[in-house]
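Let's take a walk through this fold together, starting with one spot in the chain and then stepping back to the whole thing. Have the viewer open as you read.

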Amino acid sequence: MGSLNSIAVLGGGAWGTALAQTAARAGRKVTLWEHDAGNAEHLIAARESRFLPGVRLEPSIQVTRDLAEAARADALLLVVPAQVLRQVVTSLQPLIAPRTPLVACAKGIEHGTHRFMTEIIAEAAPAAIPAILSGPSFAADVARGLPTAVTIAATDAACAQALAQAMNSGSFRPYHSTDVRGVELGGATKNVLAIAAGIVEGRQLGASALAAMTTRGFVELVRFGKAYGARIETMHGLSGLGDLTMCCSTPQSRNFSFGMALGRGEGIESAAHGKLAEGYYTAPVLLEMAQAKDIDMPISTAVAAVLGGKLSVDAAIEGLLTRPLKAEE
């Protein structure tokens with residue numbers, strides 16, 4: 001695959017804006033597509049994201065609401081929520097050239113179908129090249145040019161390498177991989193585990209409990225990954241252990257912050273504080289997929305039970321602490 005000189009970013013939220021900034025700094029021609037008219041007008045007029053106050057858009061970034069215009073780019077980054085990805089790719093499919101890389105930048109699993117993000121792309125746009133971008137990265141850090149490393153994966157090794165090269169801005173360092181399943185699985189699973197970590201923090205159970213939860217959560221991530229075909233080195237890398245460590249340690253993570261609110265006793269409806277916590281939507285799907293392959297995931301199961309209103313936070317904690325003792329894996 002040749003060089004990717006133009007990049008379109010679909011989604012003008014915090015993460016989409018941050019990735020557009022990165023692509024522009026890497027020297028690409030960048031189009032930022034935003035569906036919401038009000039947000040698009042704000043980006044055009046103020047040259048600043050309302051989600052990233054103080055961060056000015058790079059002068060070369062062109063903001064548009066025309067999907068056909070965005071579809072002409074050499075590669076597209078799909079920065080939309082996991083549960084609406086299929087709808088966006090379906091609209092995009094007739095507009096893109098064959099073998100255009102479509103890079104999912106959401107971390108989740110589709111409800112009902114149990115499809116991962118690249119599987120949705122493959123089904124909705126069969127002529128495209130599905131790819132995934134994931135790893136320990138907060139939009140505010142990336143937008144400001146702070147050092148960040150992520151993984152970009154595609155089954156086409158040349159495509160993964162070309163995408164990494166296209167997004168390499170110096171401070172934003174992408175590694176490339178062909179383990180698509182491992183990269184997207186780590187991102188989806190850690191969102192659920194980050195909620196658990198937030199609950200521990202919100203309940204003020206202490207640093208020892210948080211360390212234990214994060215470590216045993218990683219064991220669940222590895223179990224799930226092995227069962228669904230991920231490579232062990234990917235789960236130990238940026239998109240697995242790296243992302244889990246970051247999101248289980250700071251309220252900058254929306255899932256961790258959501259869990260903290262639950263731990264403090266807030267209701268599920270208000271705990272997200274108006275922000276998208278993908279783990280809320282992923283938890284029941286993750287549980288269904290774990291049960292289908294008889295994977296033991298007690299922490300993820302407890303989170304799903306709390307979010308589904310089947311257990312209180314205190315009952316979930318007690319249930320985990322009173323499980324039969326066993327050898328450490």
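Where is the place of Asp 294? Keep in mind that what you're looking at is a predicted model. Asp 294 sits in the loop that runs between α14 (278-292) and α15 (298-307). Its backbone is a bit unusual to look at: phi is near 55 degrees, a positive value in a residue other than glycine. As for the side of the surface question, Asp 294 has 73% relative accessibility, and since the cut-off for exposed is over 50%, it counts as exposed.

There's another residue to check for its phi. Arg 99 isn't a glycine either, yet its phi is positive, at about 65 degrees. You'll find Arg 99 in the loop between α4 (85-92) and β5 (101-104).

Now zoom out. In total the protein has 16 helices and 8 strands. The C-alpha trace spans about 55 × 40 × 35 Å along its principal axes. Is that spread out or compact? A compact globule of 329 residues would have a radius of gyration near 20 Å, and the protein has 19 Å, so the two agree.

The contacts add to the picture: among those between residues at least 6 apart in sequence, 69% join residues at least 24 apart. Buried residues account for 55% of the 329.

On the outside, the protein exposes about 13,800 Å², with carbon and sulfur atoms supplying 53% of it. As for charge, there are 28 positive and 29 negative side chains, and the centres of the two sets lie 3 Å apart.

Conventions. Residues are numbered from 1 along each chain as its sequence is written. This is a predicted model: local features need pLDDT of at least 70, side-chain atom pairs count only at pLDDT 80 or more; totals for chains, interfaces and linings use all residues. Side-chain values use heavy atoms; hydrogens and water are left out. Helices (H or I, at least four residues) and strands (E, at least two) are DSSP runs, numbered from the N terminus. The radius of gyration is taken over C-alpha atoms; the globule rule is 2.2 Å times the number of residues to the power 0.38. Buried means under 20% relative accessible area, exposed over 50%, partly exposed in between (1.4 Å probe, protein chains only). Contact means heavy atoms within 4.5 Å. Accessible areas come from the Shrake-Rupley method with a 1.4 Å probe; for residues, only the protein chains shown count as cover. Lys and Arg count as positive and Asp and Glu as negative; His and the chain ends are not counted. The place of a charge is taken as NZ of Lys, CZ of Arg, CG of Asp or CD of Glu.
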